[in-house]
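Visitor: I'd like to go through this one with you and ask how each label is earned. Can we have it on screen?

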Amino acid sequence: MKFGIALSTGYEGLIYPVPFATPQQLVELVEMAEDMGYESVLPNDHFTVQKYVAEKEKLVPNYYEPLITLAAAASVTERIKLITGIIVLPYRD
């Protein structure tokens, strides 16, 4: 059986507290996942803050672009698979 992890690129305020992870911490998480034998990492694609999150949070959640996050992950890993989940194409040129 193979396991992967979801990167917290768009979950702040939804699942995780604000702030949750810095860009450097996301890269470190990918390195740790590879060291622990996980097969893959997967970012989430959220560009906007949901209304209920904006109303309850005093800080603005961090949302990291998934393809840039995977590029950073590729720069520090050798074998872990980099997976895209849902990429909302209309948001991109």
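**How the labels are earned**

Guide: Let's start in the sheet, where Ser40 stands opposite Lys81 in E3. Keep in mind that this is a predicted model.

Visitor: What makes E2 and E3 a pair of strands?

Guide: The cut-off for pairing is at least two bridges. Two bridges join E2 to E3, so they pair, and they run parallel.

Visitor: And why are E1 and E3 called edge strands?

Guide: The open sheet has three strands in the order E1-E2-E3, with parallel pairing. Strand E1 (4-6) and strand E3 (81-82) each have a single partner strand, so one side of each is left without a neighbour in the sheet.

Visitor: Next, the helices. How do you know that the buried residues of H1 are on the same side?

Guide: The residues in question are Leu26, Val27, Val30, Ala33 and Glu34. They cover an arc of only 120° around the axis, which puts them on the same side of H1. What they pack against is E1, E2 and H3.

Visitor: How does the span of H1 compare with what is expected?

Guide: Helix H1 has 13 residues and reaches 19 Å from its first C-alpha to its last, close to the 18 Å expected at 1.5 Å a residue. After H1 comes Gly37, with a positive phi near 95°. As background, most residues other than glycine have a negative phi.

Visitor: What about the buried residues of H3, which side are they on?

Guide: In H3 (residues 66-74) the buried ones are Pro66, Thr69, Leu70 and Ala73. Their arc is only 100° around the axis, which puts them on the same side of H3. They pack against helix H1 (23-35), E2 and E3.

Visitor: What makes the Glu65 and Leu67 pair at the start of H3 a polar contact?

Guide: A side-chain oxygen of Glu65 reaches to within 2.8 Å of the backbone nitrogen of Leu67. The cut-off is 3.5 Å, for a pair of N or O atoms where one can donate a hydrogen and the other accept it, so this pair qualifies.

Visitor: Which residues make up the largest nonpolar core?

Guide: Eight residues do: Ile5, Leu7, Val30, Ala33, Val41, Leu70, Ala73 and Ile80. H1 and H3 each supply at least two residues of this core. Ala73, for one, touches Val30 and also Leu82, leaving out residues up to four places away in sequence. In soluble globular proteins, nonpolar side chains tend to be buried together.

Visitor: Let's move to the loop between E2 and H2. Why is Pro43 called buried?

Guide: Buried means under 20% relative accessible area. Pro43 has 5%, so it counts as buried. Beyond residues up to four places away in sequence, Pro43 touches Leu7, Thr9, Pro66, Leu70, Ile83 and Gly85. Also, the C-alpha atoms of Pro43 and Ile87 are separated by 9.4 Å, though the two are 44 residues apart along the chain.

Visitor: Why does Asn44 get that label as well?

Guide: Asn44 has a relative accessible area of 16%, which is under 20%, so it is buried. Its place is in the loop between E2 and H2. Among the residues Asn44 touches, not counting those up to four places away in sequence, are Leu7, Tyr11, Tyr64 and Pro66.

Visitor: And is Asp45 buried or exposed?

Guide: Buried: Asp45 has 10% relative accessibility, so it falls under the 20% limit. Asp45 is in the loop between strand E2 (40-42) and helix H2 (51-56). Leaving aside neighbours within four places in sequence, Asp45 is in contact with Pro66, Ile86, Ile87, Val88 and Arg92.

Visitor: What makes the link between Asp45 and Val88 a polar contact?

Guide: A polar atom of the Asp45 side chain lies 2.7 Å from the backbone nitrogen of Val88. That is within 3.5 Å, so the pair meets the distance cut-off.

Visitor: Last stop, the loop between E1 and H1. Why is Gly13 called buried?

Guide: Gly13 has a relative accessible area of 2%, so it passes the under 20% test. Gly13 and Tyr38 are 25 residues apart in sequence and 26 Å apart in space, C-alpha to C-alpha.

Visitor: Which peptide bond is cis?

Guide: The one from Val18 to Pro19, with omega near -10°. Pro19 is found in the loop between E1 and H1. For context, most peptide bonds are trans.

Note on methods:
Residues are numbered from 1 along each chain as its sequence is written. This is a predicted model: local features need pLDDT of at least 70, side-chain atom pairs count only at pLDDT 80 or more; totals for chains, interfaces and linings use all residues. Side-chain values use heavy atoms; hydrogens and water are left out. Helices (H or I, at least four residues) and strands (E, at least two) are DSSP runs, numbered from the N terminus. Buried means under 20% relative accessible area, exposed over 50%, partly exposed in between (1.4 Å probe, protein chains only). Contact means heavy atoms within 4.5 Å. The arc is that of the directions from the helix axis to the C-beta atoms. The expected span of a helix is 1.5 Å times one less than its number of residues. A nonpolar core is a set of buried Ala, Val, Leu, Ile, Met, Phe, Trp, Tyr and Cys residues joined through side-chain atoms within 4.5 Å.
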